[in-house]
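Me: Please take a close look at the aromatic side chains of this model and at their surroundings. Start at the surface and work inwards, and put the geometry in numbers.

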Amino acid sequence: MRPALRAAPTQTLPANTNGDQPELDELEAQPVEGEYEEAETEETPVAPRQPKPRAKLPLPKYLADLDVNGSNGTPFKQFAEEKAPKSQTKRYLLAAIWLRDNGISPTINTDKVYTLFRTASWPVGISDWDAAFRQAVKRDLMRRVNPGEYSITPIGEEQLKKAED
């Protein structure tokens, strides 16, 4: 708040002889201590900030040469139907365990997950395929082996077994 301004004479003139009060030629604004007045401000409306559109991440590659038929065991589609995981994380864990147990790959990445999701006819409308991996690492369900490569942990295996019970 700003202090109130009061007009104070800068020059006093001699009194008129006709009985009128003296006139002031100039008035100077001087602040008076203890008095405040509300400052009138014009607020211009501020437009709400629009979030920047995120760049759409490319889809992972479909790996046609990935052995999804399980030449060393059960085909992935059948394995997925038997387990029927409901959550995204469980599907990632299931894919990781199937790849490892069938001797196809000890690690999993977005391309392998995408291929297995398509094989199992699970929804593939995921915008960030790596997000579930990052969340699983935070929860110790998976560990990051190399950039973009993950493997299931014993905690992740236990989580999957609890879902089956």
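## Aromatic rings and their surroundings

Reply: With a relative accessibility of 55%, Ser121 counts as exposed, because the cut-off for that class is over 50%. Everything here refers to a predicted model. Ser121 sits in the loop between H3 and H4, and its phi is near 60 degrees, a positive value in a residue other than glycine. Asp140 also has a positive phi, about 60 degrees, although it is not a glycine. Asp140 belongs to the loop between H4 and strand S3 (142-146), and at 46% relative accessibility it counts as partly exposed.

For orientation, the chain holds five helices and four strands, in the order β-β-α-α-α-α-β-β-α from the N terminus. Of the 165 residues, 31% are buried. The chain exposes about 12200 Å², and carbon and sulfur atoms supply 48% of that area. Among contacts with a separation of 6 or more, 57% involve residues 24 or more positions apart.

Now the rings. A pair of aromatic rings is described by the distance of the centres and the angle of the planes. With a limit of 6.5 Å between ring centres, the count comes to eight aromatic pairs. One of them is Phe76 with Trp98, which is edge-to-face, at 5.2 Å centre to centre and 70 degrees between the planes. Phe76 lies in helix H1 (residues 76-83) and Trp98 in helix H2, so this pair ties together parts that are 22 residues apart in sequence. Phe76 and Trp98 are both buried.

Another is Phe133 with Tyr150, a stacked pair at 4.4 Å centre to centre, with 10 degrees between the planes. It links distant parts of the chain, since Phe133 is in helix H4 (residues 131-138) and Tyr150 in strand S4, 17 residues apart. Phe133 counts as buried because its relative accessibility is 0%. Tyr150 is likewise buried, with a relative accessible area of 4%.

Ring pairs join Phe76, Tyr92, Trp98, Tyr114, Phe117, Trp122, Trp129, Phe133 and Tyr150 into a cluster. The two pairs given above thus have their members in this cluster.

Some of these rings also take part in helix packing. Helix H2 (residues 88-101) packs against helix H3 (residues 110-120) at an angle of about 100 degrees, with their axes 10 Å apart. H2 and H3 are therefore roughly perpendicular to each other, a class that covers 65 to 115 degrees. On the H2 side the contact is made by Gln88, Arg91, Tyr92, Ala95, Trp98 and Leu99, and on the H3 side by Lys112, Val113, Leu116 and Phe117. These residues divide into seven nonpolar, one polar and two charged. Tyr92, Trp98 and Phe117 appear in this helix contact and in the ring cluster.

Val68 meets this region from a loop, the one between strand S2 (27-37) and H1. Val68 is buried, with a relative accessible area of 14%. Leaving aside its neighbours within four places in sequence, Val68 is in contact with Pro75, Phe76, Trp98, Thr115, Leu116 and Thr119. That list includes both rings of the edge-to-face pair, Phe76 and Trp98. Val68 and Lys112 are 44 residues apart in sequence, with 9.8 Å between their C-alpha atoms.

What flanks Tyr150 in strand S4? Ser151 is placed in S4 (residues 149-152) and is buried, with a relative accessible area of 8%. Not counting residues up to four places away in sequence, Ser151 touches Pro106, Met142, Arg143 and Val145. Thr153 follows in the loop between S4 and helix H5 (154-164). Thr153 is buried as well, at a relative accessible area of 11%. With the same exclusion of sequence neighbours up to four places away, Thr153 touches Asp140, Leu141, Met142 and Arg143. Met142 and Arg143 are thus contacts of Ser151 and of Thr153. Asp140, in that list of Thr153 contacts, is the non-glycine residue with a positive phi in the loop between H4 and S3. Thr153 and Ala96 are 57 residues apart along the chain, and their C-alpha atoms are separated by 9.9 Å.

How values were computed
Residues numbered from 1 in each chain as written. Predicted model: local features only at pLDDT ≥ 70, side-chain atom pairs only at ≥ 80, totals over all residues. Heavy atoms only, no water. Axes fitted to C-alpha atoms, helices over the stretch in contact; angles between N-to-C directions. Helix = DSSP H or I, 4+ residues; strand = E, 2+ residues; numbered from the N terminus. Parallel < 35°, antiparallel > 145°, perpendicular 65-115°, else oblique. Contact = heavy atoms within 4.5 Å. Nonpolar A, V, L, I, M, F, W, Y, C, P; charged D, E, K, R; others polar. Buried < 20%, exposed > 50% of the residue type's maximum accessible area, 1.4 Å probe, protein only. Areas by Shrake-Rupley, 256 points an atom, 1.4 Å probe, with all protein chains shown as cover. Phe/Tyr/Trp six-rings, centres within 6.5 Å; stacked < 30°, edge-to-face > 60°.
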